[in-house]
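Trainee: I'd like a close look at one part of this model. Please take the open sheet and stay with it. Go strand by strand where you can.

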Protein chains: 2
Amino acid sequence: MARIRLSRVIEPGDAALGRRLADVGAVGVCADLRANRPPPGVGAERWAGLRLRWREARPERDLCTAQKPGIRFVCPGDAEWPAQLDDLGDVRPVGLWIHGGPSLRLLAVRSVAVVGSRACTDYGAHVAAELGAGLADRGWTVVSGGALGIDGAAHRGALAVGGATVAVLACGVDVPYPAPHADLLRRIAEQGLVVAELPPGWRPTRGRFLTRNRVLAALTRGTVVVEAAVRSGALSTARRAADVGRAVMGVPGSVLSTHSRGVHRLLREEGVLVGGVEEILELVGPMGESGTRAGGGARADGSAVEPPAKPLVPRRVLTPEAERVLEALPGPPGAEPLRVAVGACAGERETLARLLELRALGFAEQVRGRWFRSPLRGGTGEGSGTSPGSDGRPPDGR
Amino acid sequence: MARIRLSRVIEPGDAALGRRLADVGAVGVCADLRANRPPPGVGAERWAGLRLRWREARPERDLCTAQKPGIRFVCPGDAEWPAQLDDLGDVRPVGLWIHGGPSLRLLAVRSVAVVGSRACTDYGAHVAAELGAGLADRGWTVVSGGALGIDGAAHRGALAVGGATVAVLACGVDVPYPAPHADLLRRIAEQGLVVAELPPGWRPTRGRFLTRNRVLAALTRGTVVVEAAVRSGALSTARRAADVGRAVMGVPGSVLSTHSRGVHRLLREEGVLVGGVEEILELVGPMGESGTRAGGGARADGSAVEPPAKPLVPRRVLTPEAERVLEALPGPPGAEPLRVAVGACAGERETLARLLELRALGFAEQVRGRWFRSPLRGGTGEGSGTSPGSDGRPPDGR
């Protein structure tokens, strides 16, 4: 509750308060505020502003209001907290507000940020959508900033193939910003996650876009910049990714286009040129995980789908809810989420959230909206492979 | 004469004979051939072929025939031999046949290879022409392979701004290959140089294109690949450039274009991404020579021209012919080559050759066909700067 309150007090990226938070904890910082005891590095004027915010914050009301549309608050120590954000040190978020079904921690295990300019070319939008679709097709989560242009194209590419996508906003998760993306953000919350450091209702500012970028960078295994002019904010995400040791990648374009000039500068300085999904996975996936040589299944339209070689965690660590959905999941060619939900005796939206988690962990696959157990699990002996009904669930999940 | 003869015997890139040549010299290798004494590493069958070629070679006749259209032979030890080719070690060319007026050694002092696929896109051709013009505009020599596509566009770009360009062919310098470039090669020989290891009359083969590439690579300070599919020969030039420690550069393009795929692979492996002339000169020029921050003159159309900060050699080492042309050269805005020729009392074509050399060395500049002394020389005290007539030449070169 103290962290919920502080999420209405501390501006994201505040290193001085972040340090104090690490030293004395959220309850300690609240005590500082109550006792009017400014920590080192915080000036009098800012401290006065922080105390104003603190007095106005109503964490219990926040929690009640948020829970109605299905928004939750996750902070360090929670099971859903993505531990990789701890790499941010003093500027680690106080907590994250999350809208959507799946676990952020699980979706972020294998995730890539695909970012770029709001003003983009048809080429950039096309490439971003292809990368979004290709990454999602291989079970990777596409993380972006929900903005117009490249970000939106990447999210849409992932949604179009039924994959998982996460939008990290620079405003509250309930704020439909930018307005033309209100529908898109709603769809992302249904088929993935909308995430923000800022509490519900807060508006974006220029500074908040920049501090948001460190979350995009640290949450994912690498950042791909698709199109960016020399002053684009997408480049700041790439720099933050380099700061926390993540892969920095760029998609080249015409040297005649100003929309690629920032990417080209990035590629001259520190980024790696990537032309497609395989090259991205070579950089962010563990050895061989890109699966290009390992074979893997094939999609109905003949294009290759490469599932991870094996699940990323042992089956016994799955939550009971995820385990129930996995038990209800048939082998290829699979079933639609509604069928799986009936088999698992769970709500359809809950089932989809669990399926996205199972996929992120390598237990499930999805082709054209039909979900099935990852075929490569057959030989692990950790449960039945593909023979229906052997573990108590109805044949074919029906 | 022995090396002229061997240029009809030894296939370019032959390391075994190259080693022998380094050990015993050209006369020694000729003695081997006469005495039927195969050097180590040369099989009986190949040796028989070499002896056949050796018996048929008529170096005196070659020299006579070549001299008529103005073709000369240059070999290690000659004043015109570009010493950087010695970096090729055992596969150093036996010698070079050269068609054109200027000194190859001088033109190659500040030179860049701009290469790419024969099958190129409009984008690639446009960028190659822009790079050719931009490099030539800054007094750099554009070296390429004379092929269709990127090579031709780079040569034409340099020619269009009155700059120096060198075509290194994989056939004799008198062979109009490829046929559609017969006119282009003729113009290059008039306003630059056409160069080949192979003796006059010899035809190109696939192997000769590949061995030719090492000459492009070693002659220049760096190689820029503009467009190349994954199996393009232009990539072999880039690899040879890396082998001899030259800069390896690539121009990116659409990731959707197969014509850029080879360049992108190069950029992932060892090349540096370049988007324009300034970025090329940052890599191949000495510190500050790109002149982007040093100011420099301005062209009549307002675009910037950056001459080298100072001449690359002392004036006293110029040949008497070059010195005479330099004396006849006015200050800005300059005069046409015919006017300079009248002032220097030399043939027009000879004068143009000397002007291209003077420019390569930083003594002269050229804007829209008008030549003038490099303004930055004014302060060196090594001769009059811009005051006409002070050193015995007619005012303004007339």
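Mentor: The answer below starts with the strand order and works outward.

This is a predicted model, so local features need pLDDT of at least 70, side-chain atom pairs count only at pLDDT 80 or more, and totals for chains, interfaces and linings use all residues. Residues are numbered from 1 along each chain as its sequence is written, with chains lettered from A and ligands numbered from 1 in the order in which they are written.

Start with the layout. Chain B holds an open sheet of nine strands, in the order S1-S2-S6-S5-S4-S3-S7-S8-S9, with mixed pairing. Strands (E, at least two residues) and helices (H or I, at least four) are DSSP runs, numbered from the N terminus. Two strands pair if DSSP finds at least two bridges between them. Strands of a sheet pair through backbone hydrogen bonds, either parallel or antiparallel.

Now the edges. S1 (71–74) and S9 (272–273) of chain B each have a single partner strand, so one side of each lacks a neighbour in the sheet.

Next, an antiparallel pair. S2(B), residues 96–99, runs antiparallel to S6(B), residues 192–196, and three bridges join them. B:Trp97 sits opposite B:Ala196 of S6(B).

Then a parallel pair. S3(B) and S4(B), residues 141–144, are joined by three bridges and run parallel. B:Ala113 has B:Val143 of S4(B) as its bridge partner.

Stay on S3(B). Five of its five residues are buried, so S3(B) is largely enclosed by the rest of the structure. Buried means that 20 or more other C-beta atoms lie within 10 Å of a residue's own; 12 or fewer is exposed, anything in between is partly exposed, and C-beta atoms are placed from the backbone. Both faces of S3(B) are covered. One side has B:Ser111, B:Ala113 and B:Val115. The other has B:Val112 and B:Val114.

Helices lie against these strands too. H11(B), residues 258–269, lies across S7 (222–225), S8 (247–250) and S9 of chain B. Its direction is about 135° to S8(B). Axes here are lines fitted to C-alpha atoms, for helices over the stretch in contact, and angles run from 0 to 180 degrees between N-to-C directions.

H12(B), residues 277–284, comes next. Its buried residues include B:Val277, B:Glu279, B:Ile280, B:Leu281 and B:Val284. Among the elements that cover the buried residues of H12(B) are S3 (111–115), H6 (122–137), S7 and S8 of chain B. S3(B), S7(B) and S8(B) are strands of the sheet.

Finally, look across to the other chain. The contact between the chains takes 14 residues from chain A and 14 residues from chain B. Two residues are in contact if their C-beta atoms, placed from the backbone, lie within 7 Å. On the chain A side, H6 (122–137), H11 (261–269) and S9 (272–273) of chain A each give two or more residues. The largest share comes from H11(A), with three residues. By class, that side has eight nonpolar, five polar and one charged residues. Nonpolar covers Ala, Val, Leu, Ile, Met, Phe, Trp, Tyr, Cys and Pro; charged covers Asp, Glu, Lys and Arg; the others, Gly among them, are polar.
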